[in-house]
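Me: Please take a close look at one part of this model, beginning with the position that carries a database annotation. I would then like the account to continue to the surface shared by the two chains.

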Amino acid sequence: MSIAETFAKAKSENRSVLVGCMPAGFPTVDHSIEQMIAMHEAGCDVIEVELPYSDPVMDGPVIQKASDIALANGVRTRDTLKIIDAVSSAGATVVLMTYWNPIEKYGVDAFARDLAAAGATGLITPDLIPDEAAEWIAAADAHKIDRTFLVAPSSTDERIALTLANCRGFVYATALMGVTGARKTVSSQAPDLVRRIRAIDPEMPVGVGLGVGNGAQAAEVAAFADGVIVGSALIRCVLEAPERATGLANLRALSAELAEGVRRR
Amino acid sequence: MPDLAGHFGRYGGRFVPEALVKALDELDAAYRSAKVDPEFQATFQDLLLNYAGTPSLLYRATRLSEKLGAEILLKREDLNHTGAHKVRNVLGQALLAKRMGKPRVIAETGAGQHGVASATAAALLDLECVVYMGETDTQRQALNVARMRMLGATVIPVTNGSRTLKDALNEALRDWVSTVDTTHYLLGTAAGPHPFPELVRDFVGGIGVEARAQCLEQIGRLPDAVAACVGGGSNAIGIFHAFVPDEGVRLYGFEAGGDGVETGRHAASITGGSVGVLHGNRTYLLQDEDGQTIESHSISAGLDYPGVGPEHAWLNDSGRAVYEPVTDSEAMAAFQLLCRTEGIIPAIESSHALAGAAKIVPRLREELGRTPTIVINLSGRGDKDVHTAGAYFGILDQNETVVPGENT
């Protein structure tokens, strides 16, 4: 299912889309595939695969740690594409989130081509702003990959408009000024940001990320956003589990709780 | 250079989370207005003159000249307050922070020199200061940690990634994303997202302006070459910039070759790296086949960084400046040579410039058919390096270990 179809379907069901994030290759390639399929089966509408990177400046301690583990275990860019292939073949809608340098190194057009071939529908770029994205925009058009750029509470209306004009699929609204990671309470800046986005483009689906960790928070965000993006809390299920079976069970349970949350708007 | 979006040819730009764009735009606007504000410039110049101790001397190093077979002029940035060129940058940026009404500054530091300079400027201008420093570096440079704390700064050891400068920079960026309303990121080198490369270059640009004027005054002509060490590249761009239009003046940047570029253990981004994006700008960097950053290695903590400022990348590609690696052992030989010929203990960073200059003398002599004149940027003093150098040369008594682990 494309991102547009996923958001349209959720809208027709009067609920939000649940986007669950997991780093590729964490802790190993096969285990990360198993985790992502479990998240999909337990109710994540979209699997956001994060490409592990040595210098993830937008990420808090949980994703940093998971990325470090994946890299220490030798995960490569081509493994990430293999993982996307496996997870999309299992029926999940997959988007990739990656810092820019690994794509630049791979070759921008070649990456868009191989990403599409692997079955991903979109790419989220946390450190690529539209101002620097001419090459990516052309490659994404050529290979029909949706582009998700980020907007933040600090973004001016002019920048929100520029970003929306270059997004396709959905826009990623960072709920607060900070890095990824679950917070005790949902940011109060998020509803205002979503309102400002809708005032500029009422059609573009808005996914809200940063700080959501449980079903109640998912429901709170689902009340005003088209999509709820959860990363660190899901990753922690695996990171903190004493053994693998418990980790997977906790991951399924939290995915199901979040999926229930986005239906409780 | 750069263009309005901070590009030096294909290099530079802004590769940052959108959350930082507004702060960078505000910084850019504040800098543009400060640049043409006589009051700001007068305050900055007054601090440079009466507090930092600039203009620094241009010193004719007679005995070193004899040894190297060239006329060597040393730009004595080591005599500045806090012991390096970095004081120019921190004073400029701290004044900008005041101008923007931001009461807090954060900084990253490797060896601790930029951290100490930032803490100094923050104390002087009454700003809160938080310094991020890799845990490995806090152990290697315990004295600088103490200096920063004496000056009232908070030092936060960074325990993720490789626990060195690049991770300290990541952590400072993470802090900044959360605190941009109240905080200025006092970036320590002429790299990072626009407008930092341009802004830092301009704040340290006095080095080259002074050196150029001092040359004309002292020897009645411009030098044949200017040499500087290059890590992130702020001291080098600071001395190069004023000479770029002087086509007869060759510009040489010497990178940290560590154990030798061929060994893979080095910090030579231009001569041993490839083009990519790191810490907010497109430039040369050390990376693997997948674009993951590779850890750098150098005996000099101040050059131990896997990237380089974008203007150097551009000067390299355009051919205006030439970049070459200098190994740890070449740098340490030059360190010792300057100690013994001139009674000046240089920073190990600056020793790379001395060693590189020594290497180009025969080439220049052949090319020019006469004794070449070379201005070397002596970017910092070696007090902070006494233990590293002492251990390197084996002249520390075992009982004299001041910093744990330094002799091992």
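Reply: In this predicted model, the starting point is B:Lys86, which UniProt lists, in an unreviewed entry, under "modified residue: N6-(pyridoxal phosphate)lysine". As that label comes from the record, it is kept apart here from what the coordinates show. B:Lys86 belongs to helix H4 of chain B, a helix that comprises residues 86-99. When neighbours within four places in sequence are set aside, the contacts of B:Lys86 are B:Gln113, B:His114, B:Ala117, B:Gly188 and B:Ser234.

A second annotation from an unreviewed UniProt entry, "domain: Tryptophan synthase beta chain-like PALP", covers residues 53-380 of chain B. Within this span, helix accounts for 43% and strand for 22%, and the C-alpha atoms at its two ends are 14 Å apart.

The surface shared with chain A comes next. Here 35 residues of chain B are in contact with 34 residues of chain A. The two chains bury about 2,900 Å² between them, with carbon and sulfur atoms giving 47% of that area. On the side of chain A, the residues that lose the most area to chain B are A:Val57, A:Lys105 and A:Glu132, which together make up 21% of what that side buries.

Polar and charged interactions also cross this interface. Between chain A and chain B there are 5 salt bridges. A salt bridge joins B:Glu18 to A:Arg159, with a separation of 3.0 Å between the closest N and O atoms. Polar contacts link 23 residue pairs across the interface, both members of each pair being at pLDDT 80 or more. Four elements of chain A each supply at least two residues to the side that touches chain B: helix H3 (61-72), helix H5 (100-106), strand E6 (150-151) and helix H8 (157-166). Helix H5 of chain A gives the most, with 5 residues. Sorted by class, the side of chain A that touches chain B consists of 17 nonpolar, 8 polar and 9 charged residues.

One further position in chain A completes the account. A:Gly181 lies in the loop that runs between strand E7 (171-174) and helix H9 (189-200) of chain A. A:Gly181 counts as buried because its relative accessibility is 15%, and the cut-off for that class is under 20%. Apart from neighbours within four places in sequence, A:Gly181 is in contact with A:Leu210, A:Gly211 and A:Ser232. From A:Gly181 to A:Ser16 the C-alpha separation is 20 Å, and 165 residues separate the two in sequence.

Notes:
Residues numbered from 1 in each chain as written. Chains lettered and ligands numbered in written order. Predicted model: local features only at pLDDT ≥ 70, side-chain atom pairs only at ≥ 80, totals over all residues. Heavy atoms only, no water. Contact = heavy atoms within 4.5 Å. Buried area = accessible area lost by both parts, 1.4 Å probe. Salt bridge = Lys/Arg side-chain N within 4 Å of Asp/Glu carboxyl O. Polar contact = N/O pair within 3.5 Å; in protein donor to acceptor, adjacent residues only side chain to side chain. Nonpolar A, V, L, I, M, F, W, Y, C, P; charged D, E, K, R; others polar. UniProt positions renumbered as here; feature names shortened; annotations may be inferred. Buried < 20%, exposed > 50% of the residue type's maximum accessible area, 1.4 Å probe, protein only.
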